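Welcome! Please take a moment to look over the sequence and the model, and then let us walk through them together.

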Amino acid sequence: MNTYLPPRGMRDIFGEDAEIYEYVFYEFKRIAKLHGFKPVYTPTIEFFKLFAEKSGEEIRETMYVFKDKAGRVVTLRPEVTASIVRLYLRSLRGWVKPVKLYYVAQCFRYEEPQRGRYREFWQGGLEVIGVEGLMGDVEAAYAASRFLESIGVIHKYVVGNVAFHRAIMNVYGLPDDFQEHILHLIDKRDVDRALRELSGRSRDASNLLGEFLGIGLEEIEEFLNHRRSILGDHLDKLLFEYERLRGFIDILNKMGYEAEYDPLLVRGLAYYTGLIYEYKAKSGDLRISIGGGGRYDGLSTVYGGPYEYFTGLALGLDRIILALGNAKVAGRVTAAIIALPGIPMEEVFNVKKLLEEYGVSSSIIHVKKIRKGLSIASRKGYKYAIIMGVREFSEGKVSVKDLETGVQETVNIKFLPLYIILRV
Ligand code: HAM
């Protein structure tokens, strides 16, 4: 075993990549806050049972599950939404609704690693609690789109609504775990097998679902109204779900985003109850989803709490960074302060503080010879070297060398930050 290698599917992120990660995290949080979402941090390790029931076949199979030293069965979180519901039930029920939360969190899934698929990855999530209507869905989706735009990721929405698939199977009395299995097959795009296995239990259910999977958005209303006698009590709810689906696509289109309906979209997680959607990057060659979300109304009851409305999404930040391609992070101005012998340490830090106040990032290089200091500064890629030598310093001045052009000038310390900022 090569001890320098991290475990399979895990990565070290460093150098320029790490700068890009920081920038993307920062932008996600900035936009989330601008849209009124509040930060939350939940544990990386949760009880397995939090995810066991409603994660869906695929995610359940890919979870890192182990016993802690006291024999409790715990898991590295495969996602954060279940923790959000747990947190809400435990601590946020008294908050004025809607409760809007965001997170940037590491998640873990034991999947086969490939481009854009890792065993440890980062999600940026937005969740809205307590809104029954479409506005909750749109608020989260719009904030996500604004974030993607702010970092330059052109994207589109693929939208579906799993309430239809579920209602069709409910009408024929098919049990939940069997429904999950069928949805899982559709999610894998193995529709033939899904319908075949469904037919084994109920030929009518299979025919009806098969028909539904073949129709477009404009035909749904008629499809539902024609099945009035079969759908019975489900009809009103499904008409409502149709309105939400159409409304979501319409409003996104009106706001200038591409959004298309896909009856085969069911998503991997078992807790979705209605509207669902995924984000695809339009530029680059990344075909896999860069994010996804939807309605998970009532998930609170699975944990013994009262019924509540939930909607939200999570963006796959690693994939979004891949979709960014070779984008360079707008560089912050950086300077190396070369402090020569004889300069009091506190004065070096005073110069640093002055630069910091103007947003100039600096590092101190303590050397005996200017040449050595300049060599380190340019090899480390700083834009400027600020040379603090005894003679100039006694006159309240420093030398500033532009390491890209080689131009060097003597500057009054008072004007140092402005000199640097104005030259950029
Ligand atoms: P999800 O679709 O399972 O949804 O994951 C969201 C995003 O995380 C995916 O679209 C993808 O970009 C990224 N992702 C998933 N697995 C990996 C992986 N192995 N490597 C890299 N990126 C990955 C959820 O997790 C839901 N909790 C979303 C949600 C929030 N629904 C409602 N609220």
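The paragraphs below go from the domains to the ligand, then to three pairs of helices and two details of the backbone.

Please keep in mind from the start that this is a predicted model. A good place to begin is the overall division of the protein chain. The domain assignment gives domain 1, covering 15-324, and domain 2, covering 334-423. Taken over C-alpha atoms, the centres of domain 1 and domain 2 are separated by 51 Å.

Now turn to the ligand. Which residues are the closest to the ligand? They are Glu 79, Phe 121, Gly 292, Gly 312 and Gly 316, and the residues that surround the ligand number 26. Several elements give two or more residues to this shell: the strands β6 (120-129), β10 (291-295) and β11 (310-316), together with helix α14 (317-324). As for chemical character, the shell around the ligand has 12 polar residues, along with seven nonpolar and seven charged.

Next come the helices, beginning with a pair whose members are a little way apart in the sequence numbering: α5 is made of residues 134-150 and α12 of residues 234-254. Their axes lie 10 Å apart, and the packing angle is about 40°. An angle under 35 degrees would count as roughly parallel, so α5 and α12 are oblique to each other. Their crossing is right-handed. On the α5 side, Leu 134, Asp 137, Val 138 and Ala 141 make the contact, while α12 brings Arg 244, Gly 247, Phe 248, Ile 251 and Leu 252. Sorted by class, the residues where α5 meets α12 are six nonpolar, one polar and two charged.

A second pair involves helix α8 (residues 191-201) and helix α9 (residues 203-213), which pack at about 155° with 7 Å between their axes. Angles over 145 degrees count as roughly antiparallel, and therefore α8 is roughly antiparallel to α9. From α8, the contact uses Val 191, Leu 195, Leu 198 and Ser 199; from α9, it uses Arg 203, Ala 205, Ser 206, Leu 209, Gly 210 and Leu 213. Six of the residues in the contact of α8 with α9 are nonpolar, three are polar and one is charged.

Helix α9 has another partner to look at. Helix α6 (residues 162-171) packs with α9 at an angle of about 165°, the axes being 9 Å apart. By that angle, α6 and α9 are therefore roughly antiparallel to each other. Here α6 passes α9 in a right-handed crossing. Phe 164, His 165, Ile 168 and Met 169 of α6 meet Ala 205, Leu 208, Leu 209 and Phe 212 of α9. How many charged residues does the contact of α6 with α9 have? There are no charged residues in the contact of α6 with α9, which has seven nonpolar and one polar.

Finally, two loops hold backbone details worth finding. In the loop between α4 (81-92) and β5 (99-108) you will see Pro 98. Lys 97 and Pro 98 are joined by a cis peptide bond, with omega at about 0°. The loop between α7 (176-187) and α8 contains Arg 189. Although Arg 189 is not a glycine, its phi is positive, at about 65°.

How values were computed
Residues numbered from 1 in each chain as written. Predicted model: local features only at pLDDT ≥ 70, side-chain atom pairs only at ≥ 80, totals over all residues. Near = placed C-beta within 6 Å. Helix = DSSP H or I, 4+ residues; strand = E, 2+ residues; numbered from the N terminus. Nonpolar A, V, L, I, M, F, W, Y, C, P; charged D, E, K, R; others polar. Domains from an automatic or database assignment. Axes fitted to C-alpha atoms, helices over the stretch in contact; angles between N-to-C directions. Parallel < 35°, antiparallel > 145°, perpendicular 65-115°, else oblique. Left-handed = near helix turned anticlockwise from the far one by under 90°. Contact = placed C-beta atoms within 7 Å.
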